[in-house]
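Here are my notes on the model, as promised. They go point by point, so keep the structure open beside them.

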Amino acid sequence: MRRRASDDPAFSGLPVQACAYVTAVILAGAVCLIVAALRLRLEHVGLFAVLLGLAVAASAAKIELPLGRSQSNLSLSHAVNFWALFALGPAPTALIAAVSAWAQCTLRAGARNPPHRVVFSIASLTVTVSAAGLPLILIMGADPGSVAALARAAAVVAPLYFFVNTALVAGAIALSTRQPVARTWQRNFLWSAPSYLAGAALAAIATATWQRGWFGWLALLAMPLYLVFRSYHTVVARLREEQDETLRAMDVQLATIEALALAIEAKAGCTPEHIRSIQQYAVILAEEAGLSDKDVQAVRTAALLHDVGNMAVPEHILSKPDALTPEEFDRVKTHPRVGAEILRNVPFGAPVAELVLCHHERWDGLGYPAALCGTAIPVGARILAIADCYSTLQTDRPYRPGRSAEAALDVLRQSAGKAFDPDLVELLIARLRTSAALPPSVAEAVAVDEGRLALQDIAGTHREEQTLYEIAQALGSNLGVDGAMALINDKVSRLVPFTTCALFLGNDEDGYTCRSAHGPGTEALFTWTVKSWSDLSLRLPACADGRDAHGADLKSLLPCPLNFEGHLIGGLVVYHTIAGCFTDEHRRVLGRVSEQAAAVIYNSTRFEQTQHESHTDPLTALPNRRSLDRQFEAGLAVAAQTKSSASVVVLDLDRLKEINDTYGHDAGDRALRAVGSVLASTVRASDLCARFAGDEFIVVLWDCSPEHEARRVADIQNAVSAYPFEPRPGVRVSLSISAGSSRFPEDGRTFEDLLASADERMYHDKAGRRSRNSGRHASRAERA
């Protein structure tokens, strides 16, 4: 029997102990072969040639045994080796065994065996023949051709040959796969003992027949060998057929599990490549750790289903980009228990549920849900934790970008002995250093491509629901139109591709104006006057800046109306530079966003309007006393900090009572509005202008010199005097305004002090203006 020493085709890929063992066996085989060559005495050349030919033929006619990951084969070459031992002695048999071992490894081999496997097989069989030949001289005695001597030789040599041969190969396999030697030998070799005993018995009979010249009977002896060979072949074929059926059933089961697991993970935003990479690393590590085929299959299945319990965790927690609260993390920690409960009654034939339950336990005992530590954690769960961490670190997450493979390995090294089993971490790192991960097969790649669309649909549905949830949650705490539109522009771009996003407010009676916009063409959108909804939903803005960053024109649009309580209040419109890029699915998604945004935008506009009205004088549209106090306090703090100046100018409209008494209060209101209009157009945008009370206005000039202050006050008074005010049609009345100013910090450091000083000077100015007006009236009377 021959068996592969490892699944890794490279000798360097074997563990250190296995490399040392294989090397020792090869050296021992070389010594035995050299000794055999030195002692070679061919007294029966013809028999030697016949046995050599039979050995090669028997080795080539081997039966492949389906015994798991390490492939094995069976041949009848050991019967030929027994015959050679009994008839020719150990030295010629060693040469025959070496050639037969080479033939068994190379002739009719399904794949080319690596050199170290071929050499090991030759060496192990040479050592076996040499060891089995040692007691022959003592056993066979003076009459080696007697039946009794041959029977004694067969009884002793057969068990010795079987034990040495199988023990050498089992040791190589056990060290390569890190399994116990005794268990490996018992499971994979003990069953073949009868074939060795039968082969030795037939070899003894063949030797006796050859020595007596009964060559015709040798043909009859070939019949039992052939029947044994055929029976093994039939049994193995049936075993392989049943195994293939079992494997197909397991593949169907695993494929079903994989499809459902990928669907669940796609809903959570994970890609098929990520799930398969976890599975791949877990299987590699399980095989390197020497787990049995059954345990490797359990790890393979658990890798697919380890996060199935996330279905019990709210999606907004799983997708949260920020750090979790303690309460949210406690909810996340329930997913291993939930996943294990879901899988508890599924007859996997392996402890898959247990691996799912324990895959978040830590080596130092700080994990969850049971706070297990060290070797109390199932080895499969320890493997799964390492594979999950290594793959996840290289994947983008809502709360962080993916890392490089080397950075992920650094995290594993730092966490070895804390979160992870240090021996398993070193095992994975060593394997990744010596060989790259195997790519998926062509069939797997095709399956991925065929299933990708369905998984993308699932992931897209989840992304839509999550985005709409985030929009609704954020809009619920947002009272500003600009903030709401910035949020929509950021979130909706995940679901609907667009270049520019704009909000239009209005109705078909008053028309629509652009209230907010993001992207190329915004300046033109703000100046675009749209008369009706049909015009807005069908026309693209014809403007010079309606282009993207590369100069491409906006060529398509997708409008969605905003309806609140049955009334059209505006519309949400997105534009793109690619013609016809919007689909019905995009329209549906944007419609859902519009439904959520309509009430928020309506309330936001009402809130902004109310806020504006609370800080605006309704008669003059200037800031009111409340707005003046707030803005002046902030400006005064800046002036004090920068050690700059400020001027407070109090203005009072002259003869307002006379206008009210003569022309009515409506004329007086129009006079106040006229003064407000003059002030709004005359005062700098950086300064502050407000209606204080009644006929008084206040202007604050920031960082203004006394000379400039005087000019500014004179300009304001001249502009008011030049205003063509008509209290009645055809009647023109000149307006005038008195002014008084104070300076910060010379005249005071508070608004009250500055106001009192400016108010006093304003009354002085008013008195002076009255005196001058009275003098002018008196001179006119004298002249008359």
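1. Start at Gly664, which comes right after H26 and has a positive phi, near 100 degrees. Keep in mind that this is a predicted model, so the angle is a computed one. The helix before this glycine, H26, spans residues 656–663. Its buried residues are Leu656, Ile659 and Asn660. Viewed down the axis of H26, these fall within an arc of 100 degrees, so they line one face of the helix. An α-helix has 3.6 residues a turn, so residues three or four places apart point the same way. Lys657 and Asp661 are exposed, on the face of H26 turned away from the buried side. And what covers the buried residues? The cover includes E8, helix H27 (665–682) and strand E11 (725–728).

2. E8 also belongs to an open sheet of 4 strands, ordered E9-E10-E8-E13, with antiparallel pairing. At the edges stand E9 (688–693) and E13 (737–744), each with a single partner strand, so one side of each has no neighbour in the sheet. Neighbouring strands here are turned by 20 degrees against each other on average, direction ignored. For a close look, take E9 and E10 (residues 696–702): 5 bridges join them in the antiparallel sense, and Ala693 has Glu696 in E10 as its bridge partner. Helix H25 (residues 625–642) lies across E8, E9, E10 and E13, and runs at about 135 degrees to E9.

3. Another open sheet of 4 strands has the order E5-E4-E7-E6, again with antiparallel pairing. Which strands stand at its edges? They are E5 (511–518) and E6 (556–564); each has a single partner strand, so one side of each is left without a neighbour in the sheet. From one strand to the next, the twist averages 25 degrees. E4 (residues 500–507) and E5 run antiparallel and are joined by 7 bridges, with Gly506 opposite Tyr512 in E5.

4. Two helices to check against that sheet are H21 and H24. H21 (residues 481–492) lies across E4, E5 and E7 (567–576), at about 60 degrees to E5. H24 (residues 584–614) lies across E4, E5, E6 and E7, and its angle to E6 is about 50 degrees.

5. Now the nonpolar packing. The largest nonpolar core has 50 residues, and Leu343, Ile383, Ile386, Leu412 and Phe420 touch the most other members. Helices H10 (215–267), H11 (272–288), H12 (293–305), H16 (352–358), H17 (379–393), H18 (405–415) and H19 (422–434) are the elements that give two or more residues to this core. Which of them gives the largest share? That is H17, with 9 residues. What does Ile383 touch, leaving aside neighbours within four places in sequence? Its contacts are Ala282, Leu285, Ala286, Ala289, Leu291, Val299 and Leu424. Apart from this core lies another, of 43 residues, with Leu85, Leu125, Met140 and Tyr161 among them. As background, nonpolar side chains tend to be buried together in soluble globular proteins.

6. Leu85 leads on to helix H3, where it is one of the buried residues. H3 (residues 77–87) has 10 of its 11 residues buried, so it is largely enclosed by the rest of the structure. The buried set also includes polar side chains, among them Ser77, His78 and Asn81, alongside Phe82, Trp83 and Phe86. Just after H3, Gly89 has a positive phi of about 105 degrees.

7. A smaller item: Pro180 sits in the loop between helix H7 (147–177) and helix H8 (181–188). Is this proline buried, exposed or partly exposed? With a relative accessible area of 46%, Pro180 is partly exposed, because that value falls between the 20% and 50% cut-offs. Its C-alpha atom is 9.4 Å from that of Ala170, 10 residues away along the chain.

8. Finally, the overall figures. The protein has 29 helices and 13 strands, and 47% of its 784 residues count as buried. Among contacts with a separation of 6 or more, 66% are between residues 24 or more positions apart. The accessible surface comes to about 38300 Å², with 58% of that belonging to carbon and sulfur atoms.

Definitions and conventions. Residues are numbered from 1 along each chain as its sequence is written. This is a predicted model: local features need pLDDT of at least 70, side-chain atom pairs count only at pLDDT 80 or more; totals for chains, interfaces and linings use all residues. Side-chain values use heavy atoms; hydrogens and water are left out. Buried means under 20% relative accessible area, exposed over 50%, partly exposed in between (1.4 Å probe, protein chains only). Two strands pair if DSSP finds at least two bridges between them. Axes are lines fitted to C-alpha atoms, for helices over the stretch in contact, and angles run from 0 to 180 degrees between N-to-C directions. Contact means heavy atoms within 4.5 Å. The arc is that of the directions from the helix axis to the C-beta atoms. A nonpolar core is a set of buried Ala, Val, Leu, Ile, Met, Phe, Trp, Tyr and Cys residues joined through side-chain atoms within 4.5 Å. Accessible areas come from the Shrake-Rupley method with a 1.4 Å probe; for residues, only the protein chains shown count as cover.
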